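Dear colleague,

I am handing over the structure that we spoke about, and below it you will find a careful account of what came out of it. Please keep the picture open while you read, and look up each residue as it is named.

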Amino acid sequence: MNYIFSLAFRNIGRNRRRTFLAILSVTLSITFILFMKAFVTGFIDSIVRNYTRQECGHIRITTKKFMDRADFLPVSTSIANPDSIEQLLRTTPQIGEHLSLVTDRFVFGVLLSNHGATKPAMAIAGDPKNEKELSMLYKSIIAGGRYCDGSREMIMGYRLAKSLNYTTGDTVRVMTQGADFALHMRKFVITGLFRTNINAFDERIFQIGIDDARILLRSGNETQQMIIFLDNYKSADLVAGRIRNVLADTTLAVSSWTTYGTYASIVRMSGRIYDFLYLFIALLGTFIISNIMMMVVLERKKEIGILKSMGMKRRQVMILFLTEGVIMGILGSFAGIIIGTLLNALLSKTGIDFTAMMSTVTMPMDNIIYPKQDLLSTFEMFMIGALVSGIVSVLPSRQAAQLNVVDAIKSV
Amino acid sequence: MHFRILFLLLAASLPARAIDGKEILNRIDRNNGWKTMTSRASMEIMIDNEVRTKTMTITGMSDGNRSLVTFTNPGDEGTRYLMLGKDLWIYFPEENDVVKISGHMLKEGMMGSDVSYEDALEADQLTKKYDVVISGDTLIDSAECYVLTLTAVVKDAPYYRRVMCVDKKRFVPLTEESYAKSGKLLKTVRVLEIRKIGTLYYPVKIVMKNTLRKNSRTVFTSSDIVFDGPVDPQLFTMRNLRR
């Protein structure tokens with residue numbers, strides 16, 4: 001078999017231009033796929049990260065009545081005893097070890113008005129200390145402002161503030177329907193404006209303390225949502241199932257981020273769609289190998305005939321041509337991996353800025369996407385390149401193997 | 001003599017002048033024709049199957065076009081509503097601040113009740129806002145009633161269509177169903193008790209249901225009603241609201 005490999009290596013060097021073309025095609029498609037995979041990974045991670053922090057955590061506990069009307073963010077159906085539930089979860093062995101953070105939260109809609117301008121907005125009310133880690137809004141506070149640590153303090157998205165002519169230091173009246181269905185109002189001072197470059201945050205969100213929210217909403221010590229973060233968001237389904245088994249209160253609903261809202265299903269679906277896309281692009285890129293191999297078989301008909309007459313078996317002829325195709329595929333994949341990795345390494349530092357394009361988009365994704373590449377996906381792309389090159393080389397290799405010896409020698 | 005008796009008999013046998021819908025509405029409006037009103041009232045709100053009862057007590061003053069309502073129950077004590085024409089301001093005592101309620105917020109339930117701000121603000125006569133047709137007769141709690149169907153003729157009418165059963169003797173709507181233009185039933189009202197105060201008949205206990213909200217109803221009870229008593233017009237000012 002060793003001589004077949006050396007024969008194959010020699011053969012691909014016979015027409016360097018053609019070989020280079022074949023390798024280049026594979027290189028370009030693998031580079032593109034690698035970049036795309038890294039970009040999509042970064043994009044999806046951005047959505048999952050922002051979505052879980054803003055919306056539902058990795059796991060969320062609410063009442064079932066809340067889930068029935070979740071789109072309306074009702075505040076009248078609350079969890080009566082969040083502290084004892086947290087205590088139970090932390091002390092349950094197969095749950096507590098996975099928990100990173102458990103926090104109470106209210107999220108509710110309001111209409112903010114100022115000097116004739118009215119805008120819909122969403123209040124996120126939580127423990128300021130915990131929300132600091134979750135929403136990371138405090139890191140995005142524009143110079144001159146500060147985080148909302150105290151009572152009657154809020155931070156507001158800079159676009160929301162701009163549309164309502166608010167600035168740091170202004171007093172905002174927040175009026176909304178409380179847990180008793182009556183209208184209540186509470187005044188807050190804007191201690192800072194944040195700029196996250198995520199339009200969904202900057203133009204809709206303001207944050208207040210949960211104690212203030214409880215007073216405003218007349219909800220006592222209850223909480224609308226218990227937000228749970230795990231060490232690894234991928235284990236959310238498993239841990240959510242365990243929590244459901246442990247909680248005796250049947251009026252409560254436990255949901256993993258994968259089952260909540262539209263983004264989770266988009267994330268799952270997009271993963272599958274992109275996998276098919278990578279395969280398709282790889283196929284397109286390696287198709288040129290098939291074309292080239294077809295040409296090579298035609299050109300080397302006489303040579304094939306001579307090899308066969310010298311005793312080379314059909315199987316060996318097939319392996320020879322297959323090997324040539326696979327070698328070109330491997331070389332192309334390897335080059336593609338190198339170039340793709342360098343490109344991703346650069347872009348993972350600088351990011352790709354979509355700020356202008358995102359101005360009308362309200363998805364919870366960063367305006368700047370940082371591609372993310374890992375070892376597994378690198379290996380996968382390399383194998384796809386090599387494998388698909390082999391697959392497209394089968395037909396021409398079979399053709400070569402099945403040539404009649406006499407006809408092959410006689411051919412011009 | 002015979003001719004006189006014959007004339008009287010003939011007159012008695014003639015059919016009584018038929019009352020039309022507009023006149024019934026006028027008679028209803030006359031029952032609300034007081035110039036000023038002071039009263040005490042309570043709202044009992046029942047929400048959901050748990051029957052969460054929230055009882056509120058209010059004192060109210062009105063001169064027809066302007067009203068001031070003050071809540072006196074614990075939890076809402078000091079909250080005031082000032083209605084001037086079609087405008088509503090709410091004073092929040094904890095914040096010592098006033099907010100104007102307008103637009104779609106007027107359709108919200110007052111203090112979480114089934115009585116919307118819009119319902120409470122409605123002061124115009126029905127004849128100015130609705131076309132009316134007598135759909136028939138019915139009996140409600142042994143009281144003979146006209147069944148009226150009212151259709152809005154102005155854009156600012158709170159409901160597009162209203163079906164009322166009006167007591168033929170007292171000219172008070174005993175039941176009412178309010179509909180949107182789409183035909184969806186929005187509110188139902190049932191009068192449980194009527195009292196005669198002076199020459200006017202006034203519903204002192206009503207049950208209102210907002211059919212868009214599941215399992216909720218509000219019982220509104222009025223007492224100590226005084227019509228056309230002295231009311232200081234300075235009460236209906238923003239300054240007094242904030243006091």
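**What was found**

In chain B, 43% of the contacts with a separation of 6 or more are between residues 24 or more positions apart, and in chain A the corresponding share is 80%. Please bear in mind from the start that this is a predicted model, with an ipTM of 0.72 and a pTM of 0.68.

**The two chains**

Chain A is made up of 412 residues, of which 42% count as buried, and it has 15 helices and 11 strands. Chain B has 243 residues, with buried residues making up 28% of them, and its elements are five helices and 13 strands.

The mean pLDDT of chain B is 82, and 88% of its residues reach 70 or more. The start of this chain needs caution, since over residues 1-17 of chain B the pLDDT stays under 50, and the model has zero contacts beyond four places in sequence for that stretch. Where pLDDT is low, the predicted coordinates should not be read in detail.

**The cores**

The largest nonpolar core has 78 residues, and those with the most contacts inside it are A:A123, A:M154, A:I155, A:M156 and A:F206. Strand 6 of chain A, which covers residues 183-194, provides the largest share of this core, namely five residues. There is also a second, separate core of 64 residues, and among its members are A:F39, A:Y51, A:A240 and A:V317.

If you would like one residue to follow in the largest core, take A:I155. Leaving aside neighbours within four places in sequence, A:I155 is in contact with ten residues' worth of places to look up: A:L137, A:I141, A:Y147, A:C148, A:T191, A:G192, A:L193, A:F194, A:F206 and A:Q207.

**Two helices and a proline in chain A**

Helix 2 (residues 16-56) and helix 14 (residues 375-401) of chain A pack with their axes 10 Å apart, at an angle of about 150 degrees, and their crossing is right-handed. On the helix 2 side the residues that meet the partner are A:V26, A:I30, A:I33, A:L34 and A:K37, while helix 14 brings A:S377, A:T378, A:M381, A:G385 and A:S389. Sorted by class, the residues of this contact are five nonpolar, four polar and one charged.

In the loop between strand 11 (368-369) and helix 14 of chain A you will find A:P371. Is A:P371 buried or exposed? A:P371 is buried, because 24 other C-beta atoms lie within 10 Å, and the cut-off for that class is 20 or more. Not counting residues up to four places away in sequence, A:P371 touches A:F35, A:A38, A:F39, A:G42, A:N344, A:L347 and A:S348. With A:S348 the separation is 23 residues in sequence, yet the C-alpha atoms of the two are 5.1 Å apart in space.

**Where the chains meet**

The contact between the chains takes 10 residues from chain A and 11 residues from chain B. On the side of chain A that touches chain B, strand 5 (171-177) and strand 6 each supply at least two residues, and strand 6 gives the most, with four. By class, that side of chain A has five nonpolar, one polar and four charged residues.

**Three residues in chain B**

B:V189 has its place in strand 11 of chain B, which runs over residues 185-197, and B:V189 counts as buried because there are 22 C-beta neighbours inside 10 Å. Apart from residues up to four places away in sequence, B:V189 touches B:T175, B:E176, B:I206 and B:M208. Between B:V189 and B:V219 there are 9.8 Å from C-alpha to C-alpha, with the two being 30 residues apart in sequence.

The other two residues have a positive phi without being glycine. B:F171, with phi near 55 degrees, lies in the loop between strand 9 (161-167) and strand 10 (173-179) of chain B, and B:F171 counts as partly exposed because 19 C-beta neighbours are inside 10 Å. B:D224, whose phi is about 50 degrees, is found in strand 13 (residues 216-227) of chain B, and B:D224 is exposed, with 9 other C-beta atoms within 10 Å.

With best wishes

How values were computed
Residues are numbered from 1 along each chain as its sequence is written. Chains are lettered from A and ligands numbered from 1 in the order in which they are written. This is a predicted model: local features need pLDDT of at least 70, side-chain atom pairs count only at pLDDT 80 or more; totals for chains, interfaces and linings use all residues. A nonpolar core is a set of buried Ala, Val, Leu, Ile, Met, Phe, Trp, Tyr and Cys residues joined through C-beta atoms within 7 Å. A residue is buried if 20 or more other C-beta atoms lie within 10 Å of its own, exposed if 12 or fewer, and partly exposed in between; C-beta atoms are placed from the backbone. Two residues are in contact if their C-beta atoms, placed from the backbone, lie within 7 Å. Ala, Val, Leu, Ile, Met, Phe, Trp, Tyr, Cys and Pro count as nonpolar, Asp, Glu, Lys and Arg as charged, and the others, Gly among them, as polar. Axes are lines fitted to C-alpha atoms, for helices over the stretch in contact, and angles run from 0 to 180 degrees between N-to-C directions. A crossing is left-handed if the near helix is turned anticlockwise from the far one by less than a right angle, and right-handed if clockwise. pLDDT is the predictor's confidence in each residue, from 0 to 100.
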